[in-house]
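Here's a quick briefing on a single protein chain, starting with how some of its strands pair up and then zooming out. Have a look at the model first.

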Amino acid sequence: MSFFKDRVDAGRRLAKELSKYANRSDVLILALPRGGVPVAFEVAKELNVKMDVFIVRKLGVPGNEELAMGAIASNDIRVLNEDVVRSFQVPDRVIATVAANELRELERRERLYRGDRPKPDISGSTVILIDDGLATGATMRAAAAALKTKNPAKIVVAVPTAAPDTCEFFGREVDEVICVTTPEPFYGVGAWYVDFRQTTDEEVIELLEKARTLPAK
């Protein structure tokens with residue numbers, strides 16, 4: 001049933017689908033940690049383009065935290081789902097409290113993963129958002145919505161595997177979507193990998209350090 005040996009294999013296969021973006025100085029790959037980082041690193045290495053990490057934190061409705069009323073992301077981005085905020089009558093002060101709590105965790109991860117490296121300049125870039133797969137796609141939706149506020153030239157969502165309807169959804173939301181496999185029934189992202197062990201913070205940090213040498217001169 002599995003399509004990919006591991007995230008490295010998935011990244012190499014995804015890179016083949018993105019070959020038209022190779023060796024372009026205007027292309028920036030942004031990985032959703034943690035599982036998206038090893039996939040994105042292989043793509044960045046194969047295409048010889050810049051790579052960084054894009055951290056997204058969901059803003060859950062108090063008492064119903066799985067339901068997103070918005071999200072915050074790297075580069076000081078906050079996006080609200082106004083329909084959810086209105087439906088649940090969430091006051092501004094509650095949104096501010098939830099956002100402040102999630103911001104602390106986002107900043108902790110930023111420090112951990114980025115260190116003293118500056119955040120990438122997104123404006124005018126062709127941005128390729130990469131994760132290891134999409135089930136509901138909630139985190140990727142937040143990332144894409146957040147990125148739109150930073151004026152990229154183009155947003156591409158690229159993943160090794162996705163639920164068919166989720167892949168179709170992103171085809172309407174961003175400029176281009178690449179899903180290498182869209183099996184049905186989907187079962188979940190991990191079902192399509194032989195090795196889907198959790199990516200560690202240490203692995204993320206190591207790969208981002210290696211990515212600093214990309215693109216090769």
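Two strands count as paired when DSSP finds at least two bridges between them. Keep in mind that this is a predicted model. With that in hand, strand β6 (residues 126–130) and β7 pair in the parallel sense, over five bridges.

**Strand β7 and its neighbours**
- On the β6 side, Thr126 has Lys154 in β7 as its bridge partner.
- Strand β8 (residues 176–181) also pairs with β7 in the parallel sense, again over five bridges.
- Over on that side, Ala158 sits opposite Ile178 in β8.
- So how enclosed is β7 (residues 154–161)? Seven of its eight residues are buried, so the rest of the structure largely encloses this strand.

**Crossovers**
- β6, helix α5 (residues 138–148) and β7 form a β-α-β unit, and it's right-handed.
- From β7 the chain crosses through helix α6 (residues 164–173) to β8, and this β-α-β crossover is right-handed.

**The whole chain**
- Seven helices and eight strands make up the secondary structure of the protein chain.
- Its radius of gyration is 17 Å, close to the 17 Å the globule rule gives for 217 residues, so the chain is as compact as a globular protein of that length.
- The C-alpha trace spans about 50 × 45 × 30 Å along its principal axes.
- Of contacts between residues at least 6 apart in sequence, 66% join residues at least 24 apart.

**Burial and surface**
- Buried residues account for 51% of the 217 in the protein chain.
- The accessible surface comes to about 10,700 Å², with 47% of that belonging to carbon and sulfur atoms.

Terms used: Residues are numbered from 1 along each chain as its sequence is written. This is a predicted model: local features need pLDDT of at least 70, side-chain atom pairs count only at pLDDT 80 or more; totals for chains, interfaces and linings use all residues. Side-chain values use heavy atoms; hydrogens and water are left out. Buried means under 20% relative accessible area, exposed over 50%, partly exposed in between (1.4 Å probe, protein chains only). Helices (H or I, at least four residues) and strands (E, at least two) are DSSP runs, numbered from the N terminus. A crossover is right-handed if, with the strands pointing away from the viewer, the path from the first strand over the helix to the second runs clockwise. The radius of gyration is taken over C-alpha atoms; the globule rule is 2.2 Å times the number of residues to the power 0.38. Contact means heavy atoms within 4.5 Å. Accessible areas come from the Shrake-Rupley method with a 1.4 Å probe; for residues, only the protein chains shown count as cover.
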